[in-house]
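Welcome! Here are some exercises to work through with the structure open beside you. Try each task before you read its solution.

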Amino acid sequence: QVQLVESGGGLVQAGGSLRLSCTASGRTFSTYTMGWFRQAPGKEREFVATINWSGGHTDYPDSVKGRFTISRDNAKNTVALQMSSLKPEDTAVYYCAADRTGVLHTTARNYDYWGQGTQVTVSS
């Protein structure tokens, strides 16, 4: 079992930056693919970023590519999401997720463990 705890959300003006962090419990963190998703009110959960076990491979949707960067520190059991040039449409609850298979996945159903989420609000 893996427990994930997100932090770093908050209120930021459009064009600003924010860094989210996710800390995982468990000894097998370094073998998991990690992902970030977000969900705005009335919308489906949306893929934001994913990173493989070593950190050598990442993937992003076009909506955040070039603005968001995912990274991980296996020694500290953490994964981070650096967000810059934020837009009001980035407003959502952001979730950290872990996938036991170690394969890069962009769909939520492939992830086995989820954090409780952290709110990000971007004002115009």
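**Exercise 1. Find the ring that Arg72 lies over, then place Arg72 in its strand pairing.**

Step 1. Bear in mind that this is a predicted model. Arg72 lies over the face of Phe29, 4.6 Å from the centre of the ring.

Step 2. Now look across the sheet: the residue opposite Arg72 is Val79, in strand E8.

Step 3. Strand E8 covers residues 78-83 and pairs with E7 over six bridges, in the antiparallel sense.

Step 4. These two strands belong to an open sheet of four strands, in the order E1-E3-E8-E7 with antiparallel pairing. Its edge strands are E1 (4-7) and E7 (68-73), each of which pairs on one side only. From one strand to the next, the twist averages 15°.

**Exercise 2. Decide whether strand E4 is enclosed or open to the outside, and identify the residues opposite Trp36.**

Step 1. Strand E4 spans residues 33-39, and six of its seven residues are buried, so the strand is largely enclosed by the rest of the structure.

Step 2. Strand E9 (residues 92-99) runs antiparallel to E4 and is joined to it by seven bridges. In E9, Cys96 stands opposite Trp36.

Step 3. Strand E5 (residues 46-51) is also antiparallel to E4, with five bridges joining them. Here the bridge partner of Trp36 is Ala49.

Step 4. Follow the chain from E4 to E5 and you trace a hairpin with six residues between the strands. Gly42 in the turn has a positive phi of about 80°.

**Exercise 3. Compare two loop residues that have a positive phi without being glycine.**

Step 1. Asn77 has a phi of about 55° and is found in the loop between E7 and E8.

Step 2. Ser85 has a phi of about 50° and lies in the loop between E8 and E9.

Step 3. Buried means under 20% relative accessible area. Asn77, at 18%, is therefore buried, whereas Ser85, at 42%, counts as partly exposed.

**Exercise 4. Work out which residues touch the most other members of the largest nonpolar core.**

Step 1. This core has 29 residues, and those touching the most other members are Leu4, Met34, Trp36, Leu81, Met83 and Tyr94.

Step 2. Strands E3 (18-24), E4, E5, E7, E8, E9 and E11 (118-123) each supply at least two residues of the core.

Step 3. Take Met83 as an example: leaving aside residues up to four places away in sequence, its contacts include Leu18, Leu20, Phe68, Tyr94 and Val120.

**Exercise 5. Describe two of the aromatic pairs and the cluster they belong to.**

Step 1. A pair of aromatic rings is described by the distance of the centres and the angle of the planes.

Step 2. Phe37 and Tyr111 are edge-to-face, 5.2 Å centre to centre with 75° between the planes. Phe37 is in strand E4 and Tyr111 in the loop between E9 and E10 (113-114), 74 residues apart. Both Phe37 and Tyr111 are buried.

Step 3. Tyr95 and Trp114 are also edge-to-face, at 6.4 Å and 75°. Tyr95 lies in E9 and Trp114 in E10, so this pair ties together parts 19 residues apart in sequence.

Step 4. Tyr95 is buried at 14% relative accessible area, while Trp114 is partly exposed at 26%.

Step 5. Together with Phe47, these four residues form one aromatic cluster. The charged end of Arg45 sits over the ring of Trp114, 4.8 Å from its centre.

Conventions: Residues numbered from 1 in each chain as written. Predicted model: local features only at pLDDT ≥ 70, side-chain atom pairs only at ≥ 80, totals over all residues. Heavy atoms only, no water. Pairing = 2+ DSSP bridges. Axes fitted to C-alpha atoms, helices over the stretch in contact; angles between N-to-C directions. Buried < 20%, exposed > 50% of the residue type's maximum accessible area, 1.4 Å probe, protein only. Core = buried A, V, L, I, M, F, W, Y, C linked by side-chain atoms within 4.5 Å. Contact = heavy atoms within 4.5 Å. Phe/Tyr/Trp six-rings, centres within 6.5 Å; stacked < 30°, edge-to-face > 60°. Lys NZ or Arg CZ within 6 Å of the ring centre and 35° of its normal.
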